[in-house]
Structure formats: structure tokens, C-alpha cells
Amino acid sequence: MPVLRSILDLIGNTPLVDVSALSPKPAVRILAKLEGQNPGGSVKDRIALSMIEDAEEKGLLAPGATLIEPSSGNTGIGMALVCRIKGYKLKVVLPGNVSIERRQLLELWRAEVIDSPANEGSNGAVRLAQRLSSEHPEWTFLYQYGNPANPRAHYVGTGPEIWRDCPEITHLVVGLGTSGTLLGAGRFLKEASPQVRLWAVEPPTGETVEGLRNLDDGYIPPIFLEQGGADLLDRRTIVGPGDSIEWTRRLADLGVFAGISSGAALAGAVKCANTIEQGTIVFISSDGGWKYLSTGAWTDELDAVVERARGIIYF
Amino acid sequence: MPEVNLPTLLRQHAGGQRSVSVEGATIGEVLEALQSEYPGMAGQLVTPDGELHKFVNVYLNDDDVRYLEKLDTTVLDRDMVSILPAVAGGGA
């Protein structure tokens, strides 16, 4: 392996690992794409680098510029890493109920954390960042939910990597947040092989998020609307914290130490496997388990962990 | 009768109940029954053109009906229908 010039050169090119031992059907393979191998520890390193370099190319970032971004953690951490290396300042609007490790990683790379109300979830973080950025036009707001450089990172990176390593893919299962992975990797794979089906997994957040005055306060990421997410997607399914943690533990039994949302994606992959006779399902394991050790996800009694998980953003 | 889980926002129109049971063999029929039984919900779930409201996600058990047969999705008596507002999710 050649010596790398910068840690940023380690972003992307993540491995696929066969976890078919967990498949309910012998003729259905299940492969995990381990995004926890990225240097900032999650899939979001890809979009952090993509959005920041896109802004640089457009001349939007003067040396030492200040950026602001709402994030439940991983995007903020990826951006903090990239900003630290490139000399930008970063303010991350973070819902109050994320794991302590997410906050620590942001501080490690000197991002300033601005708390948004825990009971408003990611919605509240987006709203607060929008307000702060309009009050501070001198800050650059890359807005991951509305920035085409987010899905593009997956269209030029994640998707082609999966196709290169596993052209026999029949299904891609992704967690749904900004919808960037779905739009980018999903579109690339469907163009490469129209038989590929896309499944999105989401946590049951809508039920618990407060601060909605009425249904018109709802939120759909602008990139999802602009890039035809609904037409691209074949199935969208909810996975609760109980299943997420159980499948995260089963991954660990195979030696794969992944974050709790990876368990959710795997639960979706297993559900998908139950609907087909044969095929190859790839799911995105968005991050490693390190940031969730404080939740006791692997060590404490299951019921207690699930109850705790209801109160934090783990996805 | 299928059971329908209501989001916090709609519970006020159903006497504060978290879930209610209504008749219906499809998602469209269930939503129609819901709106006629609890008139406060009328117009909040389905648009005048007969489409699901943009910011309303309806799930049959765990699956978003937009990616099943939309309002024509078959509902069985033992099914659980959940209505959730579209919000910014996690993973971001």
C-alpha cells in the first residue's frame, strides 16, 4: 500500500464483508459495506469531503471560513475532521440527546457544538441551523439535506465501489436520513443494473419528535424531492430500537463491531431476504460501534438498553 | 377491525386516544373511515386529489404504503396501520 499524503485520502473505498451466516435463507447472501472504516468513523466522511470540496471549487470558502451544519453527529464529525485539516472553523447544531462520544469527537476536532432541543430531534437541529445561518450570512451553510454534493459522493464513490466489488448485487438496503446514500448509490446501481431493488430503513422517530405544530411543519429533505427519491425507492420500512440492537449484537457475534443503525439496516436486509428466494443483498453499515459503547448496547440487559435507546438518536 | 396508531398531532381529534380501530379493507378506506368518524382529521390525511398528504407517512405494520400499493394497499383485520408525520430522520 502506498504512503498516503493525508488522512483524507483514506475516505471511501470501504470493504464488503460477507455476513450470510445471519441470512434466513441459504440462497440469499447478505454483505455489509463497512463505512466505519472511514477515518472519521462513518459513511458521512464521504459527504463532508464532497460538500466542502464542492464549495471550495465554487469559491464559496475563503481561507479560515466558518461553516455551520445541523447534524445528529456523524456528518458533523466528518466535517470537523475535514475542516480541521483544511483550516476552517465549524459550528455543529446538535440535538441534545446524542451519545456522549459523538459530542466528544466533535470537540476533539475543535468544532463548536450548539445544542438544539433534544425533544425536537433532527428537525429541531435543522430549524435552528437555518435560523442561525440567516442571522449570520458570513457563515457558510452547506446544508447536507439540500446539497447535491451529498448524493454525488455516493454516486461517484459508494455506488461504483459496490458495483466493482459485487456486480451480482440484487438489493441495496440503506438507512434513511438525508437520503444521500439512497439517491447516489441507489441511482448508480439501478443505472448499472435495472434489476437492483432499493430498500430504505428508518427508525420510528416521527412518533417521538415534538415541536411539530401541525402536519405542515413536516420535513422531507429537499434532495429527496429534487432527485426523485420516491420513484427510486422500492420499499421503505421501519425498524425499532429492539430489533436494531439485537441485530447489532448478532453482527458483533461475527466479529463485526458496528453501530446501532447497522443493526437496523441488517434487520431490514433480513426482512428483505425473507421476501426473495435467492439473491445478494448489500447493506450499508454506516459506522462502527465505538461511539455507542456508553449506551451499554453490547453489555447491558437488552430491555434496559432498548429503553435507553428510545431516548437517544442512534440512527 | 384494523388498529390505527395516531401521531401526537392527531390524537386531539380522537379524544386523546393513541390508537383507534376503524373499518376498512384498504388503506384508502381506513383513512376515509377515520376522517368520517373523527371529523377534525378531515383534509389532514388525504388531499382533494385523493393522494396522501405530502407530510403524512402511513405504514402498514412497518412498511410505508407509498411503496406498496399506496391507498389501494390491502389491510387485514389483524394489521396495524400507523400514521407518522414526515420529519428529518436520524443518520445525519
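**A tour of the predicted model: interface, domains and core**

Begin with the contact between the two chains of this predicted model: select the 37 residues that chain A contributes and the 22 residues that come from chain B. On the side of chain A that touches chain B, colour α4 (121-135) and β9 (235-238) of chain A, the elements that each supply two or more residues. Colouring that side of chain A by class shows 14 nonpolar, 17 polar and 6 charged residues.

Next, hide chain B and select the domains of chain A. Domain 1 covers 7-37 + 158-310, and domain 2 covers 44-141, according to the domain assignment. The centres of these two domains of chain A, taken over C-alpha atoms, are separated by 23 Å. Where they meet, 17 residues of domain 1 of chain A are in contact with 18 residues of domain 2 of chain A. The domain 1 side of this contact in chain A comprises 6 nonpolar, 8 polar and 3 charged residues.

Then turn to the largest nonpolar core, which has 113 residues. Select A:Leu172, A:Val173, A:Ala265, A:Ala269, A:Ile281 and A:Phe283, the members that touch the most other members. Helix α10 (residues 260-273) of chain A gives this core its largest share, 9 residues. Both domain 1 (7-37 + 158-310) and domain 2 (44-141) of chain A are represented in the core, each by at least three residues.

Finally, centre the view on A:Ala269. Leaving aside residues up to four places away in sequence, which residues does A:Ala269 touch? They are A:Ile30, A:Val173, A:Ile281 and A:Phe283.

How values were computed:
Residues numbered from 1 in each chain as written. Chains lettered and ligands numbered in written order. Predicted model: local features only at pLDDT ≥ 70, side-chain atom pairs only at ≥ 80, totals over all residues. Contact = placed C-beta atoms within 7 Å. Helix = DSSP H or I, 4+ residues; strand = E, 2+ residues; numbered from the N terminus. Nonpolar A, V, L, I, M, F, W, Y, C, P; charged D, E, K, R; others polar. Domains from an automatic or database assignment. Core = buried A, V, L, I, M, F, W, Y, C linked by C-beta atoms within 7 Å. Buried ≥ 20, exposed ≤ 12 C-beta atoms within 10 Å, placed from the backbone.
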